[in-house]
Structures are given as structure tokens and as C-alpha cells.
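New to this one? Here is an informal walk through some of its features, written to be read with the structure open beside you.

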Amino acid sequence: MLRDVVVVGASLAGLRAAETLRTQGFEGSITLIGAEPHLPYDRPPLSKKLLAGEWEPERIALRHADEYGGLDLTMRLGVRASALDLDRRRVVLADGEDVPFDGVILATGAAPRRLPQQPELAGLHELRTLDDALALRADLAAGPVRLVVIGAGFIGAEVAATAHQHGAEVTILEALPVPLARALGEQMGLACSAVHGDHGVDLRLGVGVAGFAGTDRVEAVLLADGTRIETDVVVVGVGVAPTTGWIESSGLELRDGVVCDATLCAGPHGVYAAGDLARWPHALLDREVRLEHWSNANEQGAAAAANLLAVERGETPTPFGTIAFFWSDQYEARIQFLGRAEPGDEVRVVHGSVDERRFVALYGRDGRLTAALGLTMPKLLMSYRKLLVAGATWDEALAHAAAVAS
């Protein structure tokens, strides 16, 4: 019988799981465990509105403190989970306490990757948590600042845009020859990253970082070719890795995340995963994936909880297969992406113009529509979501584009 559910991870996926348990009638105990001391909050504003000082922490709370009473949760915040004991059905906490469960939802997300031999220096930042964002904000607010961002992915690009708009002199360093190529493909990666040049940001591609100069505080970034870039603040944004260290001894299958079935069950009865942590076979994409997007965490936390309850009731759980969607705000531009790009995809701009920095581009493979990208054309871009869900052919997608354009 399902009496005690533990949700490990007090961010978006974890909170949505707890909310769904209650809205679907679960009356047992729910314990929400979070490594950070803060109540669950929204992460996208960390690199934008909150970093800019336009919003304060209370603005990004997913629920106000007085709204948690109705969920009847036991909150264990500010303490990390250190192990998952499936034999005894316990989550072991770093403070030595064991929390028993009949069902558990793993939603510990991901943590920033670090550069090899990255030192601990004042002014050298990563950005994942509220405390990270507040510390970076304080450094950027200290006066005229030279900022180096290492990594031209979405987080790095957003930090660069926010800092530049608030007076920083910004240099972006990217090891790859094309930024965002893994997410958008080379052609569109170049098209979207061009907004930095439009605003006077120094974007350097194909460069390697050899190290840093500074004793107590970072003073310069040293490149592999011998170049030295003097700086006041550095942000390392070279991607994230799923937070699986605490479950390595659990016996769960781990492969760049927790390997799940199509219903997000991680194997043992009553054990589910959601959000950045989960790797599962995606029916619409016809491959195993792990997604690091807000929309995925939002939907997947709810889906994992619903399937946990469905199995308990003797019902058939529902495979999870939503269309991937993410967005990024940089300067005045909004980048939005639906689906999943792969090397070799055909890419065609069907609305607007790359030169004007306003367009929609479609991606196709093997005669099917596989993805759609929009730059500051949100309504047009979202009209392709139904086509992706329906498995539209490439010709059907082009016909839709022609009909919209007419």
C-alpha cells in the first residue's frame, strides 16, 4: 500500500510531483527533500530578470510560503540526499537521518560542469542556483565590469546579454567553431548567436581555456594559444551533468541520468524519475533522451507522480512523450525551439529573414518534420507544434508554411 511518498529534489519537477499527488487524491504523507535552503523557485529568471536586479527572489517563488499548507508536505530543505537504499526503502540524508518511503520520485536535477583544475577564486562563478545568481549579481553591480563568459550555450549567452545590457564589457569564449550547434545545428547556431555581434559583444569561437590568473580574486583568463584576457568577473557555463552521485550505490541503471522506461519508472516498483535527471525512451522522437528544459521538468514531475498513483490503483500508466520545447531571451530577441535537431537535418527558413533577426526555420529528416525554430516570431513558431505532435511529413509542413505566408 502506498502510504509514504518521498520526492527528492525541491525544484520545479519535484514540486509539480507533490502537487499532482495531492490533486489526484493521495492522502498519505509526502516528504519533499531539497539540498537548497530555499522554497522551490523558478530558475529561468536567474540569468535574466533576477540577475539584472529587476526582480527580487520572492518574485521567482513557484509558490508563496503561505500556499504550502494545502499540500500538507513535510519539508526537509537545506539537506542533501546522500544515498537511496532500495532494500530498506529509505532515502538517506547527509545529516544521518533516514526517510522511509513506499514510493519515491527522484528529481535532483543537474549541476554545472567545471573546467579541469578550475580554481576557487573570488569573481569566478557558475550559475545554477539562486545563491549563485545573487553572488554574480553583486559582482556585476560593483561598478564598471569586464566579464568573460566561458561557454556560448543558452545560459552563458543569457548571462552575457543581461550583463552587457547593464553596462558590462563582455567577452564570450566558445570552444566549438559554431555556438549552439548541438541544440540548433550549425546553420541556425550561427544565425542565433549573431545577435551578440549586433550588440557589440566580443564572441570568440574555437578557443580553448588553459587556466586563470589571480591569487585571491580572478584577474585574467588564459587561453590555450597564449592570449591573456584581463577581467573582473568570469562565468563558467560549459553545460551541466545530472546529479546522480548520491544514487550510485542504489543499483539503479545510470547512464547520463537515471534510465527509466517510457512511463518514467526507474525499474524497481514505486521508483520514478523526472526532470533533468531522467533518461527515457521517447516514442515521438523514437530514441532515448534526457532533456534539460523547463517545460520538460514541469510536465514530467506531474507525469511521474500520476503514473506512480496509477500503478498503485492497478491502472495502466501512461508513456511520457511530450514535444520538447525550450526558449531563451537574449537582448530583444526570443529564441524558441520545438522538437529535436540532429546532424544532417534539412533546414529551411519559411518565414521572415535571418538577416532581419526575425524568422521561423523548419528541420526535416527522412521526409518528416522533426523540429521548428523561431527567432522573435512566437505565434508563428507555435503553430508548428500540432504538426510535430501529429508526425507531419516534410511536405505537409512546407504546405502549412505556404498557407500561413499567403
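What follows is a tour of a predicted model, taking in salt bridges, a histidine, cavities, a pocket and two backbone angles.

**Salt bridges**

Let's begin with charged side chains. The count of salt bridges comes to 31. Three of them are set out here, with the distance between the closest N and O atoms.

| Residue and its accessibility | Partner and its accessibility | N to O distance |
|---|---|---|
| Arg 204, 28% | Asp 202, 30% | 2.9 Å |
| Arg 279, 13% | Glu 288, 31% | 3.5 Å |
| Glu 346, 37% | Arg 348, 38% | 3.0 Å |

Take the pair Glu 346 and Arg 348: Glu 346 is partly exposed, and Arg 348 counts as partly exposed too. Some salt bridges share partners, and in this way Glu 253, Arg 255, Asp 256, Arg 279, Glu 288, Arg 290 and Glu 292 are joined into one network. Two members of that network, Arg 279 and Glu 288, form a salt bridge listed in the table. Is Arg 279 buried or exposed? Arg 279 is buried, because its relative accessible area of 13% falls under the 20% cut-off. Its partner Glu 288, at 31%, is partly exposed.

The pair Arg 204 and Asp 202 has its own values. Arg 204 counts as partly exposed at 28% relative accessibility, and Asp 202 is partly exposed at 30%.

**A histidine and the cavity beside it**

Now look for His 196, which sits in helix H6, residues 186-198. With a relative accessible area of 4%, His 196 is buried. Which side chains make polar contacts with the side chain of His 196? One is that of Gln 330, at 3.3 Å, and another is that of Tyr 331, at 2.9 Å. Leaving aside residues up to four places away in sequence, His 196 touches Ala 157, Ala 160, Ile 172, Val 201, Gln 330 and Tyr 331.

His 196 turns up again when you go looking for enclosed space. A search of the whole structure finds two cavities of 30 Å³ or more. The second largest cavity holds about 30 Å³ of space, and His 196 is in its lining along with Ala 152, Ala 157, Pro 179, Leu 180, Cys 192, Ser 193 and Gln 330. Helix H6 gives the most to this lining, with three residues. By type, the lining of the second largest cavity has five nonpolar residues, three polar and no charged ones.

**The largest cavity**

What is the volume of the largest cavity? It comes to about 50 Å³. Its lining is made up of Leu 2, Asp 102, His 269, Gly 270, Tyr 272, Leu 308, Val 311 and Glu 312. Helix H7, residues 294-312, supplies the largest share, three residues. Here the split is four nonpolar, two polar and two charged residues.

**A pocket**

Next comes the second largest pocket, which has a volume of about 330 Å³. Its lining consists of 18 residues, and those nearest the centre are Pro 44, Pro 45, Lys 48, Lys 49 and Asp 329. Which elements give two or more residues to this lining? They are helix H2 (49-52), helix H4 (154-165) and strand E22 (325-330). Sorted by type, the lining of the second largest pocket has eight nonpolar, four polar and six charged residues.

**Two backbone angles**

Last, a quick look at the backbone. Most residues other than glycine have a negative phi. Two residues to look up in this light are Asp 72 and Thr 376. Asp 72 is not a glycine, yet it has a positive phi of about 50°. You'll find Asp 72 in the loop between H2 and strand E3 (73-77). Is Asp 72 buried or exposed? Asp 72 is exposed, because its relative accessible area of 55% is over the 50% cut-off.

Thr 376 also has a positive phi, near 55°. The loop that holds Thr 376 runs between strand E26 (368-375) and helix H8 (378-382). At 24% relative accessibility, Thr 376 counts as partly exposed.

Key
Residues are numbered from 1 along each chain as its sequence is written. This is a predicted model: local features need pLDDT of at least 70, side-chain atom pairs count only at pLDDT 80 or more; totals for chains, interfaces and linings use all residues. Side-chain values use heavy atoms; hydrogens and water are left out. A salt bridge is a side-chain nitrogen of Lys or Arg within 4 Å of a carboxyl oxygen of Asp or Glu. Buried means under 20% relative accessible area, exposed over 50%, partly exposed in between (1.4 Å probe, protein chains only). On a 1 Å grid over the protein atoms alone, a cavity is a set of points where a 1.4 Å probe fits but cannot get out, and a pocket is an open set with protein on both sides within 12 Å along at least five of seven lines; lining residues have an atom within 4 Å of a point. Grid points are joined across faces, edges and corners, and a volume is the space filled by probe spheres set on the points. Helices (H or I, at least four residues) and strands (E, at least two) are DSSP runs, numbered from the N terminus. Ala, Val, Leu, Ile, Met, Phe, Trp, Tyr, Cys and Pro count as nonpolar, Asp, Glu, Lys and Arg as charged, and the others, Gly among them, as polar. A polar contact is a pair of N or O atoms within 3.5 Å; within protein, one must be able to donate a hydrogen and the other to accept it, and residues adjacent in sequence count only if both atoms are side-chain atoms. Contact means heavy atoms within 4.5 Å.
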